[in-house]
Every structure is written in C-alpha cells, then in structure tokens.
Amino acid sequence: QKTTKIAWKDEGWHALYDYSQVMADPAVNPADKRTKLKAVITAAQKAGHSQPAALAFYGAVSDLKGDLTGKPDPALDATRIEAIQAVSDFAAGPDLDLELADIYASKKDGADLGEALAKAARDNTDFSPNGQATFVNIQVKERTNEALLSADAKKQIADAQAAWKEQSDEQKKEQADAAKADADRAKQDAADKKKFEAEQKAEAAKSKSAGTGSVAPPAPNQPPTSKK
C-alpha cells in the first residue's frame, strides 16, 4: 500500500476498506473522523449499486450520526434514508424498516411512516423472543404516532401484524405437538426398557432354577475289570 498504487476493480470494496480503516484507527480525532466518514459516504454513493458500497454507506452514515450531537440535521436525515434503503436491497429486515420509521416520525411524514411500519411487520419473520419484541415495537410506534397515520396505513399494519400472530401461534402449536410426541416416545421407550429388563431378569431366574434342579450327582467309580 505504501509502495504501490492500488487499482480497485470494485469501488464499493474501496469504500468499505476505507470505512474499516477509519473505524480501526483509535488515534483519529473526532473532527478528522467526521471528515473521513463524509469522504466514505461520498465514495460509496459514487461506487454504484453493490453490497460492499451499501454497507460502507450505511456504516459511515450511522457512525457519523452517532458522533454528532445537538439539533437534528435534515440533510443528514435524508442521507440516512438513502443509506438505509441502499443496504435494505441486500439485507432487508424489520430493524432497518423501524429505523426508517423513526426518521419519518421525527419529520411528521405520516405516509412514509405508515409504509415503513407495514413493511416492518411484513419483514418480521422471526418468531423467537426477538421477533416478539419487534411485534411489540411496531405496535408501540403505531400507537405513539397514531395521529399521523391514515386509516389505510393502520389497516395494512394490522393485517401484517395479524398474519405474524397467526404464523407465530401455528409455530408454537407445532412445537408443543412435537414436544408432546417426544415426551410420549420417551415414556414408551422407558416402559419398553423396564419391561425388557423385567423379562430378562425373570428368564435368568428361571434358567438358574431349572439348572440347579436338573444336575444329577456324579456316578460312582466302577471297579476296574480284570484282564484275562
């Protein structure tokens, strides 16, 4: 790197590499870090539609936001929306949708907020405690911003949430049925083992008893016959 000019075949990887270098440097001061993150954002935007470019874009924007304090920056919010949408093309998920929802809620943008919440509900395919937390989070954001949402948006959110609930209940039933089947199988296996051991024990006792009663005493020695 110090002696040769690198020819990047994919500028998305170039941007991602530069981002990793910025975040790995513990000595960089806050002002320089912000400048370098902004440079990564610009490079990622110019790199085109690719996964590494999207990751660099999203990472740099998120870290830049985390380093800034004070009043919200509308320009940065617009860039964040662009970055979230870019990375969603490669790693869609409800967390990103909810991040968008928070931005739209802060901007009082009810139309985009409703769409983001409905998409979050549709993208939530996790029925573990994490998925349940996402389900509740969507409900909380909907109720908190109820005045911003249209009736159609509320219906879309409710329909998607209902579909998740139905699938979650179905999965829980399948898991309960499977657990019951496993328990029944284990119970039957234990009973079969106990029965087998009892039969083996009885057979051993029977064989021992029969063997003891059938052994005859040894025959007395016969005197030798004389040879003529």
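Let me start with two helices, α5 and α7, which are roughly parallel to each other, because they pack at an angle of about 15° and angles under 35 degrees count as roughly parallel. This is a predicted model, so please hear everything I say today as a description of that prediction.

Staying with this pair, helix α5 covers residues 94-106, and its axis and that of α7 lie 11 Å apart. As for the handedness, α5 passes α7 in a left-handed crossing. If you would like to find the place where they meet, look on the α5 side for Pro 94, Asp 95, Leu 98 and Asp 102, which face Thr 134, Asn 137, Ile 138 and Lys 141 on the α7 side. Sorted by character, the residues of this contact come to three nonpolar, two polar and three charged.

Let me step back for a moment to the whole chain. It has 228 residues, of which 29% count as buried, and its secondary structure consists of eight helices and zero strands. Among the contacts between residues at least 6 apart in sequence, 56% join residues at least 24 apart.

Now to a residue just ahead of α7. Asn 124 sits in the loop that links α6, residues 110-123, to α7, residues 129-144. Is Asn 124 buried or exposed? It is buried, because its relative accessible area is 4% and the cut-off for buried is under 20%. The side chain of Asn 124 reaches the backbone oxygen of Gly 131, at 3.1 Å. Not counting residues up to four places away in sequence, Asn 124 touches Pro 94, Gly 131, Thr 134, Phe 135 and Trp 164. You may recognise two of those names, since Pro 94 in α5 and Thr 134 in α7 also belong to the contact between those helices.

The second pair I want to show you is α2, residues 30-47, and α3, residues 51-67, whose axes come within 8 Å and cross at roughly 150°. These two helices are therefore roughly antiparallel to each other, given that angles over 145 degrees fall in that class. Here too the crossing is left-handed, with α2 passing α3.

The list of residues is a long one, so I will name only some of them: on the α2 side they include Leu 37, Val 40, Ile 41 and Ala 44, and on the α3 side they include Ala 56, Phe 57, Ala 60 and Leu 64. Taken together, the residues of this contact divide into eleven nonpolar, one polar and five charged.

Two further residues help to place this pair. Ala 31 lies in helix α2, and with a relative accessibility of 42% it counts as partly exposed. Although Ala 31 and Asp 67 are 36 residues apart along the chain, their C-alpha atoms are separated by 9.7 Å.

Ser 50, by contrast, lies in the loop between α2 and α3, and at 15% relative accessibility it counts as buried. What is Ser 50 in contact with, once we leave aside its neighbours within four places in sequence? The answer is Asp 10, Gly 12 and Phe 90.

To close, I would ask you to keep both pairs in mind as you turn the model: α5 and α7, roughly parallel, and α2 and α3, roughly antiparallel.

How values were computed
Residues are numbered from 1 along each chain as its sequence is written. This is a predicted model: local features need pLDDT of at least 70, side-chain atom pairs count only at pLDDT 80 or more; totals for chains, interfaces and linings use all residues. Side-chain values use heavy atoms; hydrogens and water are left out. Helices (H or I, at least four residues) and strands (E, at least two) are DSSP runs, numbered from the N terminus. Buried means under 20% relative accessible area, exposed over 50%, partly exposed in between (1.4 Å probe, protein chains only). A polar contact is a pair of N or O atoms within 3.5 Å; within protein, one must be able to donate a hydrogen and the other to accept it, and residues adjacent in sequence count only if both atoms are side-chain atoms. Contact means heavy atoms within 4.5 Å. Axes are lines fitted to C-alpha atoms, for helices over the stretch in contact, and angles run from 0 to 180 degrees between N-to-C directions. Angles under 35 degrees count as roughly parallel, over 145 as roughly antiparallel, 65 to 115 as roughly perpendicular and the rest as oblique. A crossing is left-handed if the near helix is turned anticlockwise from the far one by less than a right angle, and right-handed if clockwise. Ala, Val, Leu, Ile, Met, Phe, Trp, Tyr, Cys and Pro count as nonpolar, Asp, Glu, Lys and Arg as charged, and the others, Gly among them, as polar.
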